[in-house]
Amino acid sequence: MITKEDVIKKLELFSTCLELSGANIFKVRAYHNASISLESVQNFKELIGERKLHTIRGIGNDISHQIYELNETGNIKALKDLKSSLPDGLFYMLKIEGLGPKRVRALYKELKIDNLKKLKKACEGGTLLKLNGFGPVLRSNILKGIEFLEKNSQRYTVDIATDISEKVIKKLKTLSKISKIEIAGSLRRKRETVKDIDILISGASPDEVSKKISDMKEFKEFISKGDTKISFKLRNGFHVDIRIVKDNEFVTALHHFTGSKEHNVQLRHLSKEFDIKINEYGLEKKEKVIHPESEEELFNILNMEYIPPELREGRGELEAAKKNRIPKLIQLSDLKGIVHVHTLFSDGKNTLEELADFVKRSGFSYIVVTDHSQSSRIANGMKLDKLHFYLSEIDSINKKYGEKLLVKGIECDILTSGELDYPNHVLENFEVVIGSVHSGFSMDKASMTKRLLRAIDNPYMNVLGHISGRLLTKRKAYDFDKEKVFSSAIDSGVYLEINSNPYRLDVDWRYIKNLKEAGMKFLITPDAHSIEDIENIKYGVGIARKGWLEEKDVINTHEVYDFLKALKGVKA
Ligand code: DGT
Ligand code: CA
Ligand code: ZN
């Protein structure tokens with residue numbers, strides 16, 4: 001059965017399409033209002049089951065029948081037809097901050113602009129300014145938005161890349177005469193987004209292997225087919241680069257194609273001290289070629305300890321490895337608790353019971369449940385009258401199992417004023433309070449900084465959630481004074497979330513190492529809306545590793561009571 005959130009999204013899309021097509025404004029509003037009405041409906045499942053959606057104020061006969069159609073067929077035909085009558089480019093234009101359906105409609109109707117390219121031209125050429133309501137500030141914001149989309153739309157989030165790479169590798173493994181096969185490039189380094197998938201293969205005779213891959217029916221659109229390099233495009237547009245080398249070249253090639261480019265350049269420079277030339281085929285010393293058996297050996301030859309791929313970004317890892325100061329990086333198995341999980345109490349898909357049952361079956365020992373607070377309307381945030389039930393349910397489940405499987409948490413909105421979404425006497429009832437920004441993203445830097453600082457001052461907030469608000473490949477981070485906010489958080493004992501949602505992976509790993517050195521502690525969380533989502537923490541662990549974190553830097557590596565103690569430590 002379809003969820004309420006799915007219906008809300010579809011109705012909003014319907015309203016947007018109507019507005020883009022220039023439909024009657026009352027009709028546009030009818031769909032928008034219907035979606036708003038649905039947000040506060042508690043018994044959606046019953047109403048749709050009994051075909052009584054029309055009893056909800058704001059949902060008329062037409063719309064309720066379209067929702068039944070959606071539920072039964074997975075589609076609304078009228079919406080499908082309407083959407084396909086509109087140029088795709090309009091929907092890309094909508095991704096730009098400041099451009100809603102009304103403005104996109106005006107651009108389309110008045111200036112015949114229906115894609116980003118034409119929009120950019122109109123901004124640069126000045127025709128945009130002729131349009132009513134389009135001034136220089138908006139123009140500059142639109143240009144920034146286009147630039148962001150151009151830079152990021154060709155990159156993929158790491159979850160999609162991981163899934164695809166696993167499928168491709170599975171197929172490649174069916175070929176004979178392959179000795180080794182490994183992911184390289186940014187995906188092996190656990191970057192937050194990737195441009196393509198790099199795969200390295202070795203075999204006794206690379207050209208035979210290459211020939212076989214070129215003949216594989218599964219990979220359709222080949223871009224190039226060489227003896228050592230094959231590139232192709234998958235049906236979904238994804239690029240895959242495969243390199244095929246001789247068996248004894250595998251280690252140096254793997255190191256080379258893992259990168260990063262900066263790391264490689266620095267290592268090559270350093271190897272000159274040893275009179276060694278390093279490239280993908282081997283290490284060359286006085287005309288003699290050495291073929292290390294492992295990456296460990298490769299680094300050892302250059303008088304260094306092994307550097308895990310995540311650290312190979314050219315940000316001080318070589319110096320550390322020379323001094324044997326590469327940290328013992330955190331691993332997935334170090335995590336004891338799963339923090340930041342939503343349930344049916346707000347916009348999650350599972351019940352508290354199901355989570356408790358999951359903890360019992362999994363290798364983890366507790367879950368910190370953190371449903372949304374009241375202002376998160378779209379996420380079905382909990383009104384005050386619901387909280388008592390939420391909290392007592394958690395207690396009674398723990399009692400039933402005779403152990404603390406579930407911890408009482410909340411993901412509390414940080415309002416635009418910087419106040420939290422519940423008063424302190426309510427916040428007091430939670431064991432973990434994650435403060436998150438879910439609205440008002442377009443604030444200027446100074447106001448956003450003030451907002452975050454005020455939230456950090458709240459005595460009950462323990463954790464800053466997805467601190468930058470970015471949605472990788474989709475939405476830019478908002479700006480705030482990192483120095484001020486992070487140092488205030490450290491001083492106040494507010495810890496930082498590493499959110500493992502593949503679209504967030506927020507806080508950015510580039511800040512983590514310095515923050516750790518300044519005394520910050522972290523939590524690696526899945527921000528899960530279902531039990532399946534919990535698996536995403538592997539991506540957060542990758543980010544933590546990129547930030548040089550060890551087990552002791554991450555507090556959900558503690559068992560539950562020590563975790564709560566660590567969390568409350570400074571604040572108390
Ligand atoms: P991406 O694809 O943008 O997500 O990032 P990478 O790091 O996977 O970059 P990619 O696919 O262009 O190249 C894979 C690796 O090959 C890269 O990490 C290092 C190596 N590589 C590529 N181009 C160069 C280069 O010009 N110089 C050096 N030293 N190494 C390179
Ligand atoms: Ca790559
Ligand atoms: Zn959130």
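A residue counts as buried when its relative accessible area is under 20%. In this predicted model, D196 has a relative accessible area of 9% and is therefore buried. D198, at 12% relative accessibility, falls under the 20% cut-off as well, so D198 is also classed as buried. Both residues serve as protein donors of the calcium ion, ligand 2, through their OD atoms, which lie 2.2 Å from the ion.

D198 also takes part in the surroundings of ligand 1: an N or O atom of the D198 side chain is placed 3.1 Å from an oxygen atom of this ligand. Another oxygen contact of ligand 1 involves R155, with a polar side-chain atom at a distance of 2.9 Å. For R268, the partner on the ligand is a nitrogen atom, and the separation from an N or O atom of the side chain is 2.8 Å. On its own, ligand 1 has 590 Å² of accessible area, of which the protein covers 74%.

The shell around ligand 1 draws two or more residues from each of helix 11 (185-188), helix 13 (250-258) and helix 14 (261-271). The ligand is surrounded by 16 residues, of which R155, S186, R189, K195 and R268 come nearest. By residue class, the shell consists of 7 charged, 7 polar and 2 nonpolar residues.

Taken together, D198 is a donor to the calcium ion and has a side-chain N or O atom 3.1 Å from an oxygen atom of ligand 1.

Conventions: Residues are numbered from 1 along each chain as its sequence is written. Chains are lettered from A and ligands numbered from 1 in the order in which they are written. This is a predicted model: local features need pLDDT of at least 70, side-chain atom pairs count only at pLDDT 80 or more; totals for chains, interfaces and linings use all residues. Side-chain values use heavy atoms; hydrogens and water are left out. A residue is near a molecule or strand if one of its heavy atoms lies within 4 Å of it. A polar contact is a pair of N or O atoms within 3.5 Å; within protein, one must be able to donate a hydrogen and the other to accept it, and residues adjacent in sequence count only if both atoms are side-chain atoms. Accessible areas come from the Shrake-Rupley method with a 1.4 Å probe; for residues, only the protein chains shown count as cover. Helices (H or I, at least four residues) and strands (E, at least two) are DSSP runs, numbered from the N terminus. Ala, Val, Leu, Ile, Met, Phe, Trp, Tyr, Cys and Pro count as nonpolar, Asp, Glu, Lys and Arg as charged, and the others, Gly among them, as polar. Donors are N, O and S atoms within 2.8 Å of the metal (3.2 Å for Na, K and Ca); water is not among the atoms, so sites may look incomplete. Buried means under 20% relative accessible area, exposed over 50%, partly exposed in between (1.4 Å probe, protein chains only).
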